[in-house]
Amino acid sequence: MTPQEVLQRYFGYDHFRKGQEEMISHILAGQDVIGIMPTGAGKSICYQIPALLLPGITIVISPLISLMKDQVEALRQNGIAAACLNSIMSEEERRETLSALYRGSVKILYAAPERLETQSFYRISREIGVSFVAVDEAHCVSQWGQDFRPSYLKIMQFLEQLPQRPIIGAFTATATKEVADDIVRILQLQTPFMLTTGFDRENLYFGVMQPRDKFRALVDIIRSHEGESGIVYCISRKLVENVTNDLHEHGIDAVRYHAGLSGEERQANQDAFLYDRVLVMVATNAFGMGIDKSNVGFVVHYNMPKNLESYYQEAGRAGRDGSKADCILLYNGADVQLNQFMISKDNANDQLSEADRERIRQQDEERLKRMTFYSTRRSCLRHYMLQYFGEKSPDYCGNCSCCKTNYEQKDISTEALKILSCIYRLHQRDLHFGIRVVSDILRGKETERTEKFHFPDTLSTFGIMKDMTERQCQEIIRFLLSEDYLTQGGEYHVLMLNRKSAMFLKDRPALFMNTEKSAEPRPEHRQSAVPADIDQSLFALLKDMRRQIAERERVPAYIIFTDHTLQDMCRKQPVSDMAFLSVSGVGQVKLEKYGSRFMSVIREYLNNKQA
Ligand code: ADP
Ligand code: ZN
């Protein structure tokens, strides 16, 4: 079979997505690969298809043991011989998997990195041929990444034990250049083929709101997404508790998830969410890595997260099936301090030297700053984010809160000049201050400090922006920071001039910034997750059939069919096997297993419509 035929037969898709085919052909040719693809881009197929076409078995290393069962189940549903090994299985289940491996009746094995070390696994993997090892969430090997896992370092030892070096593939959604370099170095990839698909997720709307009352804003968002699943991320366990309770009081059914809950409760709540029994999940960032629930319609961040990597990864859990979905960040200045506090006390990684730790702390500060710029900026959010990940993109996307808000471009050349000159004058006197103090000086606010330094009499730039409010003045300073006309540094985040500011002071180019046109509230934004051409009542009937089957088979509904597949069914209304196979996401096995039941729903629906 060709990869294309496997895609059609087992997965029911008729064409590859960007990069998938290239990736697969390099693996089949025996080359190591590294794939950096955003959540939802379709990484799994890049290693699952080679697994079916290569001799012997493929081992997929993943840190997500709580989800392995579902991943394996999803493959089995497609008629693929998959199994897993991890520490949460019973001894008996483990023995079963091992003997299935011996019998040669497994093609894809999902394993937790810590299982690689066990003697029985070593023995088996030496005896059966391992052709390909796919390392999922590969950024976990890097100490610079967000999710460093020491157990990932064991992968190398494991590979060295094998009689023959397998092909190695590394996959991740988040990788800055440093992390990617680390992955290649630590996993010792040999001249790997590297694929970075675009980071953009066109179906996602990105919004930032700065509501007076976050909770009310949250309730509004949830209500406007009635019937859809959503995740609400909070910065602390305590806040998860509070928000969940408050939602209950407002009659909104929600479950909670954080590391302080018992393992059973976490599992139960996660299942309730995955199986669509409860639509809203309120969680800390402990929830979600590898969650491949495909029909999440919205992700709300109740607090600003610590960096754009985390934000994009968490928000990216919305709309994985390609349907339209909303990612909304509820920002408040206090979130910055909360994050700063968390960075300063983060000492989790005690294998590092003091110097390394300091370097990481500085890097975290820098990332937090970029996150803050994102949250407070006035022009295209998507553009800023993509640029952060090193990708060129137009500066208008039309599908983010900035592009959709009524902004006007304001010439701030004069203000910028005043601000930079003021800082320049202060530097001449060897004085360095942060945003607030500099804005006070510009606005001519009399404080103890201004008196102490005799600013009113000795500083020509004192009070040159008297006519501005504190907010306006600070907004321009932040804008200058985000556009790199200023730098911030040191323990007190003092403002500093850089090469770009020097150029500006010399050349005085025109500078524009977006400001909100009117104080009127923004138009209510909401993307509908269900496309307009979908027959809602048929969709509901098909969902109902899916739920019945899912409950009987005890698997999450999306493992039977994703919403995307059901919607395609609504469009095509298939009543023959051939037609049913043409639905996106229907392969041979699913046709045989479920075709007749779904087609009878469609037939009945069509008959009733005619009658
Ligand atoms: P990732 O691991 O990159 O986050 P997944 O591998 O889970 O993403 O894929 C996301 C969704 O896209 C899944 O529902 C998957 O079945 C679907 N998908 C992957 N490849 C294709 C394709 N070529 N055509 C249609 N859907 C696809
Ligand atoms: Zn935009």
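For the description of cavity linings, Ala, Val, Leu, Ile, Met, Phe, Trp, Tyr, Cys and Pro are counted as nonpolar, Asp, Glu, Lys and Arg as charged, and the others, Gly among them, as polar. The model is a predicted one, in which local features need pLDDT of at least 70 and side-chain atom pairs count only at pLDDT 80 or more, whereas totals for chains, interfaces and linings use all residues. Residues are numbered from 1 along each chain as its sequence is written, chains are lettered from A and ligands numbered from 1 in the order in which they are written, and side-chain values use heavy atoms, with hydrogens and water left out.

Two cavities of 30 Å³ or more are present in the structure, a cavity being a set of points, on a 1 Å grid over the protein atoms alone, where a 1.4 Å probe fits but cannot get out, and its lining residues being those with an atom within 4 Å of a point. Grid points are joined across faces, edges and corners, and the volume is the space filled by probe spheres set on the points. The second largest cavity holds about 30 Å³ of space, and its lining consists of Val-437, Asp-440, Ile-441, Thr-447, Arg-449, Thr-450 and Phe-455. Two or more residues of this lining come from each of α18 and α19, where helices (H or I, at least four residues) and strands (E, at least two) are DSSP runs numbered from the N terminus. The largest contribution to the lining of the second largest cavity is that of α18, with three residues. By residue class, the lining of the second largest cavity comprises three nonpolar, two polar and two charged residues.

Helix α18, which spans residues 435-442, is itself mostly covered, with seven of its eight residues buried; buried denotes under 20% relative accessible area, exposed over 50%, and partly exposed the range in between, as computed with a 1.4 Å probe on protein chains only. The buried residues of α18 are Ile-435, Val-437, Val-438, Ser-439, Asp-440, Ile-441 and Leu-442. Their cover includes the helices α17 (413-428), α19 (448-452), α20 (455-458) and α21 (470-482), together with the strands β15 (487-489) and β16 (494-496), contact being defined as heavy atoms within 4.5 Å. After α18 comes Gly-444, which has a positive phi near 70°.

The zinc ion (ligand 2) has as its protein donors the SG atoms of Cys-380, Cys-397, Cys-400 and Cys-403, at 2.3 to 2.4 Å. Donors are N, O and S atoms within 2.8 Å of the metal (3.2 Å for Na, K and Ca), and sites may look incomplete because water is not among the atoms. The angles among the four donor atoms run from 102 to 120°, and the site of the zinc ion (ligand 2) is tetrahedral, a term applied to four donors if all angles lie between 85 and 135 degrees. The ideal angle for four tetrahedral donors is 109.5 degrees. Along the sequence, the donor residues follow the spacing C-x16-C-x2-C-x2-C. Of the donors, Cys-397 is partly exposed, with 28% relative accessibility, whereas Cys-400 is buried at 0%.

Two buried residues, Asn-86 and Thr-97, were examined in the region of β3 and α5. Asn-86 is placed in the loop between β3 (82-85) and α5 and is buried, with a relative accessible area of 2%. Beyond residues up to four places away in sequence, Asn-86 touches Ile-65, Met-68, Arg-94, Ala-112 and Arg-115. Thr-97 lies within helix α5 (residues 91-103) and counts as buried at 8% relative accessibility. Its contacts, apart from neighbours within four places in sequence, are with Ala-83, Cys-84, Leu-85, Met-89 and Leu-109.

Further loop positions were also considered. Gly-198, in the loop between β7 (193-196) and β8 (204-209), is partly exposed with a relative accessible area of 24%. With neighbours within four places in sequence left aside, Gly-198 is in contact with Lys-18, Pro-38 and Glu-391, and its C-alpha lies 9.9 Å from that of Gly-390, although the two residues are 192 apart in sequence. Most residues other than glycine have a negative phi. Thr-191, in the loop between α8 (177-186) and β7, has a positive phi near 30° and is exposed at 66% relative accessibility. Asp-276, in the loop between α11 (263-274) and β11 (280-283), likewise has a positive phi, near 60°, and is partly exposed, with a relative accessible area of 25%.

Key. Four donors count as tetrahedral if all angles lie between 85 and 135 degrees; four count as square planar and six as octahedral if opposite donors are over 155 degrees apart and all others between 65 and 115; anything else is irregular. On a 1 Å grid over the protein atoms alone, a cavity is a set of points where a 1.4 Å probe fits but cannot get out, and a pocket is an open set with protein on both sides within 12 Å along at least five of seven lines; lining residues have an atom within 4 Å of a point.
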